[in-house]
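Let's walk through this structure together, one feature at a time. Keep the 3D view open and turn it as you read.

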Amino acid sequence: MPPISGSNHYGIAGYYGLQAIRSGLIGFSFTNTSPLAVPTRAKQTALGTNAFCVMAPAANGDYFALDMATTTVAIGKVELAMRTGQQVPLTWGVDKNGKETSNPADIYHGGGLLPIAGGEASGGYKGYGLNVLVEIFCGILGDAAFGPLVRSWQNPSTEANLGQCFGAIDPGCFGNNFAERLSAFLNILRYLEAADPKKPVLVAGDPERQHMAKCEELGGIPYHVNQITHSNEVARSLGVAPLQTLSHHV
């Protein structure tokens, strides 16, 4: 499980896991990030969103694909809610005083993200623990910057020196028919009776596959009109061509 240092944003955590499952391996990757998250009981950011993935190959092209941050959401979702004028759940983040808020602007400007599950009363200390676990594998083990010592994501003029960690396991070393057994397990979960018949039970990776199928059907990626407007404003400020859209419908 080699850690590395001196890195920057490594994109999608799941990209590296997908490389492993294409070879029939269980793959995982971890990364720390610039401090955006507020630890349980604190009021200032000291941890990143600290994402990780674990992916495992099943039979007939199926697979388990867990790719997640250890905060309730990524900062991009807060920014999107702010740009589209939406309120957010209280479990997403806190304001500058460390108080849970539904106003995305208070989170984005001077506040911070909460760990998975939100505040302490709803079990956020568990997400906090997972976040620190990723930091140990990446920042500490990788001899990289860690916690609040990672430079701000809004200050790209200095080196981020992020730490990342990668690994792969050959399931064939431990037993027979791993892919078939995993497929059986995933399908047991998928075919559980749903509480809402319109919302079937899914496993990690299913929502992403559904979204990719939707994008292929549409022939493009759907965006909120406010996102397109903001992107085109940035394009004009930089003197580059605006985005070309296929439709004006949201």
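What follows looks at a pocket, some salt bridges, a contact between loop and strand regions of the chain, and a surface patch.

Before we start, please keep in mind that this is a predicted model.

A good place to begin is the empty space. Rolling a probe the size of a water molecule over the atoms shows where empty space is left. Here, the largest pocket holds about 1600 Å³ of space. Its lining is made of 42 residues, and those nearest the centre of the pocket are Gly-11, Ile-12, Asp-67, Ala-69 and Ala-74. Which elements contribute to this lining with at least two residues each? They are helix H1 (13-21), strand E4 (63-68), helix H2 (75-83) and helix H6 (206-218). H2 gives the largest share, with five residues. Sorted by character, the lining of the largest pocket has 21 nonpolar residues, 15 polar ones and six charged ones.

Now let's turn to charge. Side chains of opposite charge can pair when their charged atoms come close. How many salt bridges does a search of the whole structure find? The search finds six.

One salt bridge is formed by Arg-41 and Glu-120, whose closest N and O atoms are 2.7 Å apart. This pair links distant parts of the chain, as 79 residues separate the partners: Arg-41 lies in the loop between strand E2 (26-31) and strand E3 (52-57), and Glu-120 in the loop between strand E6 (112-113) and H4. Arg-41 counts as exposed because its relative accessibility is 73%, over the 50% cut-off. Glu-120, at 36% relative accessibility, counts as partly exposed.

Helix H6, which we met at the pocket, is also a good guide to the next two pairs. In one of them, the side chain of Arg-209 meets that of Asp-62 in a salt bridge, with 3.8 Å from N to O. Here too distant parts of the chain are linked: Arg-209 sits in helix H6 and Asp-62 in the loop between E3 and E4, 147 residues apart. Are these partners buried or partly exposed? Arg-209 is partly exposed, at 22% relative accessibility, while Asp-62 counts as buried because its value is 17%, under the 20% cut-off.

In the other pair, Asp-206 and Arg-190 meet through their side chains, and the N to O distance of this salt bridge is 2.9 Å. Asp-206 belongs to helix H6 and Arg-190 to helix H5 (residues 178-190), with their positions 16 residues apart in the chain. Asp-206 is buried, with a relative accessible area of 8%, and Arg-190 counts as buried at 18%. Put the two pairs together and you have a network of salt bridges linking Asp-62, Arg-190, Asp-206 and Arg-209.

Next, look at the loop between strand E7 (162-169) and H5, where Asp-170 is found. Asp-170 is partly exposed, at 37% relative accessibility. The C-alpha atoms of Asp-170 and Ile-26 are 6.4 Å apart, although 144 residues separate the two along the chain.

Our last stop is on the surface. Ile-136, Ile-140, Phe-146 and Leu-149 form a nonpolar patch there, and together they have about 390 Å² of accessible area. One of them, Ile-140, has its place in helix H4 (residues 124-140). Ile-140 counts as partly exposed, with 47% relative accessibility.

Note on methods:
Residues numbered from 1 in each chain as written. Predicted model: local features only at pLDDT ≥ 70, side-chain atom pairs only at ≥ 80, totals over all residues. Heavy atoms only, no water. Patch = residues over 30% accessible without salt bridge, like charges linked within 9 Å, V, L, I, M, F, W, Y side chains within 5 Å. Areas by Shrake-Rupley, 256 points an atom, 1.4 Å probe, with all protein chains shown as cover. Salt bridge = Lys/Arg side-chain N within 4 Å of Asp/Glu carboxyl O. Helix = DSSP H or I, 4+ residues; strand = E, 2+ residues; numbered from the N terminus. Buried < 20%, exposed > 50% of the residue type's maximum accessible area, 1.4 Å probe, protein only. 1 Å grid on protein atoms, 1.4 Å probe; cavity = no way out; pocket = protein on both sides within 12 Å on 5 of 7 lines; lining within 4 Å. Points joined across faces, edges and corners; volume = space filled by probe spheres on them. Nonpolar A, V, L, I, M, F, W, Y, C, P; charged D, E, K, R; others polar.
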